[in-house]
Amino acid sequence: MPDDKPSGHTLGADLRALRKARGMTLTDLADAMNRSVGWLSQVERDISNPAIADLGKLANILDVSISSLVQVGAAPGEEGLIVRAHSRRPIGCRTPGLTEGLLSPDLTDSFEVIHSSFAPGSELSVPLTRPTQEIGYIVRGRFDIRVDDKMFKLGPGDSFRLRGEQFSWANPYDETCDVVWIISPPIY
């Protein structure tokens with residue numbers, strides 16, 4: 001089977017990965033954008049670049065931040081391979097006190113790796129369910145996670161797995177908690 005993924009990061013490859021992760025066809029996304037399938041196909045193949053207004057609309061429909069679609073320049077020869085600490089793409093801010101950055105070079109793999117920082121007192125109080133498989137690893141700090149009806153208190157070196165269960169989290173502690181998440185399929 002031929003590899004249809006371009007080498008290195010491209011906006012088109014990330015848009016295609018996000019669209020597929022959401023179960024959308026080219027026609028679905030083109031219709032939501034009020035654009036032609038041909039235009040969207042050209043954007044996904046990096047033949048055309050969307051205007052900033054179109055990029056904002058794509059981000060909104062795909063439920064990601066515009067900043068997550070823009071990669072800070074990688075050094076020559078590092079594109080698609082290396083992500084420097086100062087070049088991480090921010091994922092966005094969906095929950096107060098949560099800051100996330102993409103550790104993966106792009107969204108073209110069957111998974112993504114995210115660095116999440118949970119400020120003291122932050123919480124996801126409304127439980128969330130995602131059609132994903134996820135692993136979280138606590139790098140620093142403490143972290144509480146509720147999976148279905150079970151509460152777990154985690155610390156540095158602990159890890160957890162989610163496979164579509166309902167979950168919520170909290171950092172009721174006085175220190176920031178850093179977690180590395182591996183999520184499949186990519187959702188950001």
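Asp54 sits in helix H4, and that is where we start. (Helices are DSSP runs of H or I with at least four residues, strands are E runs with at least two, and both are numbered from the N terminus.) One warning first: this is a predicted model, where local features need pLDDT of at least 70 and side-chain atom pairs count only at pLDDT 80 or more, while totals for chains, interfaces and linings use all residues. Residues are numbered from 1 along each chain as its sequence is written, and side-chain values use heavy atoms, with hydrogens and water left out.

**Exercise 1.** Decide whether Asp54 is buried or exposed, and list what it is in contact with beyond its sequence neighbours.

*Solution.* Start with the cut-offs: buried means under 20% relative accessible area, exposed means over 50%, and partly exposed is in between (1.4 Å probe, protein chains only). Asp54 has a relative accessible area of 13%, so it is buried. Next, contact means heavy atoms within 4.5 Å. Skip the neighbours within four places in sequence, and Asp54 is in contact with Met33, Arg35 and Trp39.

**Exercise 2.** Look at helix H3 (residues 37-44) and find its buried residues, then say what covers them.

*Solution.* Trp39, which we just met as a contact of Asp54, is one of the buried residues of H3. The others are Leu40, Ser41, Val43 and Glu44. Their cover includes helix H1 (11-21), helix H2 (26-33) and helix H4 (52-62). Step off the end of H3 and you reach Asp46, with a positive phi of about 60°.

**Exercise 3.** Explain why H1 can be called largely enclosed by the rest of the structure.

*Solution.* Count the buried residues: nine of the eleven in H1 qualify, so the helix is largely enclosed by the rest of the structure. They are Leu11, Gly12, Ala13, Asp14, Leu15, Arg16, Ala17, Leu18 and Arg19. After H1 comes Gly23, with a positive phi near 70°.

**Exercise 4.** Hunt for backbone oddities at Asn34, Asp148 and Pro185.

*Solution.* Here's the background: most residues other than glycine have a negative phi, and most peptide bonds are trans. Now go one by one.

- Asn34 has a positive phi, near 60°. It lies in the loop between H2 and H3 and is exposed, at 68% relative accessible area.
- Asp148 also has a positive phi, near 55°. Its loop runs between strand E6 (143-147) and strand E7 (150-154), and at 43% relative accessible area Asp148 is partly exposed.
- Pro185 is joined to Ser184 by a cis peptide bond, with omega about -5°. Pro185 belongs to the segment after strand E10 (177-184).

**Exercise 5.** Place two loop residues, Pro131 and Arg88, and say how exposed each one is.

*Solution.* Pro131 is in the loop between strand E4 (123-128) and strand E5 (133-140). With a relative accessible area of 75%, Pro131 is exposed. Ala21 is 110 residues away along the chain, yet the C-alpha atoms of the two are separated by 9.6 Å.

Arg88 is in the loop between H4 and strand E1 (89-92), and at 32% relative accessibility it is partly exposed. Leaving out residues up to four places away in sequence, Arg88 touches Val83, Leu102, Leu103 and His115.

**Exercise 6.** Which residues touch the most other members of the largest nonpolar core?

*Solution.* A nonpolar core is a set of buried Ala, Val, Leu, Ile, Met, Phe, Trp, Tyr and Cys residues joined through side-chain atoms within 4.5 Å. This core has 39 residues, and the ones to name are Leu69, Phe118, Phe143, Ile145, Phe160, Val179 and Trp181. Zoom in on Phe143: beyond residues up to four places away in sequence, its contacts include Phe118, Phe160, Val179 and Trp181. Among its other contacts are Ile138, Lys153 and Cys177.

**Exercise 7.** Step back and describe the whole chain: how many helices and strands does it have, and what share of its residues count as buried?

*Solution.* There are four helices and ten strands. Along the sequence they read α-α-α-α-β-β-β-β-β-β-β-β-β-β. Of the 188 residues, 44% count as buried. For contacts with a separation of 6 or more, 62% come from residues 24 or more positions apart. Finally, the C-alpha atoms fill a box of roughly 50 × 35 × 35 Å along the principal axes.
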